[in-house]
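Student: I should like to work through this structure one local feature at a time. May we begin with how its helices pack and then turn to its rings and loops?

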Amino acid sequence: MMSGSKCKTSGEVAGTAKKCQVITMETKVKIMERVERGKKTVDVACYYNMNGSTIHMSLKNKDKIMEHVKSVVPIMATTIQKKCGKVMEETEKLLSVWMQDQHQCPVSLILMLIQEKAKRLYEDVKKKHSEESESTSFNASHGWLYWFKARANLHNVKVSGEAGSADTVAAQEFPETL
């Protein structure tokens, strides 16, 4: 492709937006190789039908991407994920079992109770595996709990307390009365 010609993308048609596209690690590596061989980022963007900012972000995160690609992770992966380690993995397994046991009993789980149990389990497992992760800390944040429920496939977890005490019947009837 000539560097002087303008590349038209699908988003340049009047009234249409360019669709979000997932870029694999393999594609990101190829993009970096093309730029290193002397191709202009504009030409590379046209070749892959991407915005220039997407190419620049890949180049900006080159070190992270290359480190990730060198790991054992498949090259078709699209995101860089942190490796949680044995301590966190075992903690999440134990917490999942505990939550399933609590679900069998008519016990209401509140968010703070789940977070405190996760912290205690983490500390116990960390003591058991004392040779690794001495300096890491774990605070069982709301974000961590959200992703833990997704990883453990815990989609029917009902949280009691302020969030659990909401009158769902009244909330469903409200739009009709309004």
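Helix packing, rings and loops

Tutor: The crossing of α2 and α3 is right-handed. Please keep in mind that this is a predicted model.

Student: How are α2 and α3 oriented: roughly parallel, antiparallel or perpendicular?

Tutor: Two packed helices are described by the angle between their axes and the distance between the axes. Helix α2 spans residues 41-48 and helix α3 spans residues 52-60; their axes lie 8 Å apart and make an angle of about 110°. Angles of 65 to 115 degrees count as roughly perpendicular. The arrangement of α2 relative to α3 is therefore roughly perpendicular.

Student: How many residues of the contact of α2 with α3 are nonpolar, how many polar and how many charged?

Tutor: Helix α2 contributes Thr-41, Val-44 and Ala-45 to the contact. Helix α3 contributes Gly-52, Ile-55, His-56 and Leu-59. Gly counts as polar in this scheme. The division is four nonpolar, three polar and no charged.

Student: Which residue in the loop between α2 and α3 has a positive phi?

Tutor: Most residues other than glycine have a negative phi. In the loop between α2 and α3 lies Asn-49, which counts as partly exposed because its relative accessibility is 32%. A positive phi, near 55°, is found in Asn-49.

Student: What is the phi of Ala-140, and is Ala-140 buried or exposed?

Tutor: Ala-140 belongs to the loop between α6 (111-128) and α7 (142-151). Buried means under 20% relative accessible area, and Ala-140 has 1%, so Ala-140 counts as buried. Its phi is positive although the residue is not glycine, with a value near 50°.

Student: What is the geometry of the pair formed by Phe-138 and Trp-144?

Tutor: The count of aromatic pairs comes to five. For Phe-138 and Trp-144, the ring centres are 5.0 Å apart and the planes stand at 80°. Plane angles over 60 degrees count as edge-to-face. Phe-138 and Trp-144 are both buried, and because of the angle between their planes the pair is edge-to-face.

Student: Are Tyr-146 and Trp-147 buried or exposed?

Tutor: The rings of Tyr-146 and Trp-147 also pair edge-to-face, at 5.0 Å centre to centre with 85° between the planes. A relative accessible area over 50% counts as exposed. Tyr-146 has a relative accessible area of 52%, and Trp-147 has a relative accessibility of 52%. Tyr-146 is therefore exposed, and Trp-147 likewise counts as exposed.

Student: Which residues do ring pairs link into a cluster?

Tutor: Phe-138 and Trp-144, whose edge-to-face pair was described above, belong to this cluster. Ring pairs also bring in two other members. The cluster consists of Tyr-122, Phe-138, Trp-144 and Phe-148.

Student: Which residues does Ser-96 touch, not counting residues up to four places away in sequence?

Tutor: Ser-96 is placed in helix α5, residues 85-104. With 12% relative accessibility, Ser-96 counts as buried. One residue it touches, Phe-148, is also a member of the ring cluster. On this count, Ser-96 touches Phe-148 and Ala-152.

Student: What distance separates the C-alpha atoms of Glu-123 and Ser-137?

Tutor: Glu-123 lies in helix α6 and, at 36% relative accessibility, counts as partly exposed. Along the chain, Glu-123 and Ser-137 are 14 residues apart. The separation of their C-alpha atoms is 9.2 Å.

Definitions and conventions: Residues are numbered from 1 along each chain as its sequence is written. This is a predicted model: local features need pLDDT of at least 70, side-chain atom pairs count only at pLDDT 80 or more; totals for chains, interfaces and linings use all residues. Side-chain values use heavy atoms; hydrogens and water are left out. Axes are lines fitted to C-alpha atoms, for helices over the stretch in contact, and angles run from 0 to 180 degrees between N-to-C directions. Helices (H or I, at least four residues) and strands (E, at least two) are DSSP runs, numbered from the N terminus. Angles under 35 degrees count as roughly parallel, over 145 as roughly antiparallel, 65 to 115 as roughly perpendicular and the rest as oblique. A crossing is left-handed if the near helix is turned anticlockwise from the far one by less than a right angle, and right-handed if clockwise. Contact means heavy atoms within 4.5 Å. Rings of Phe, Tyr and Trp (its six-membered ring) pair if their centres lie within 6.5 Å; planes under 30 degrees apart count as stacked, over 60 as edge-to-face and the rest as tilted. Buried means under 20% relative accessible area, exposed over 50%, partly exposed in between (1.4 Å probe, protein chains only).
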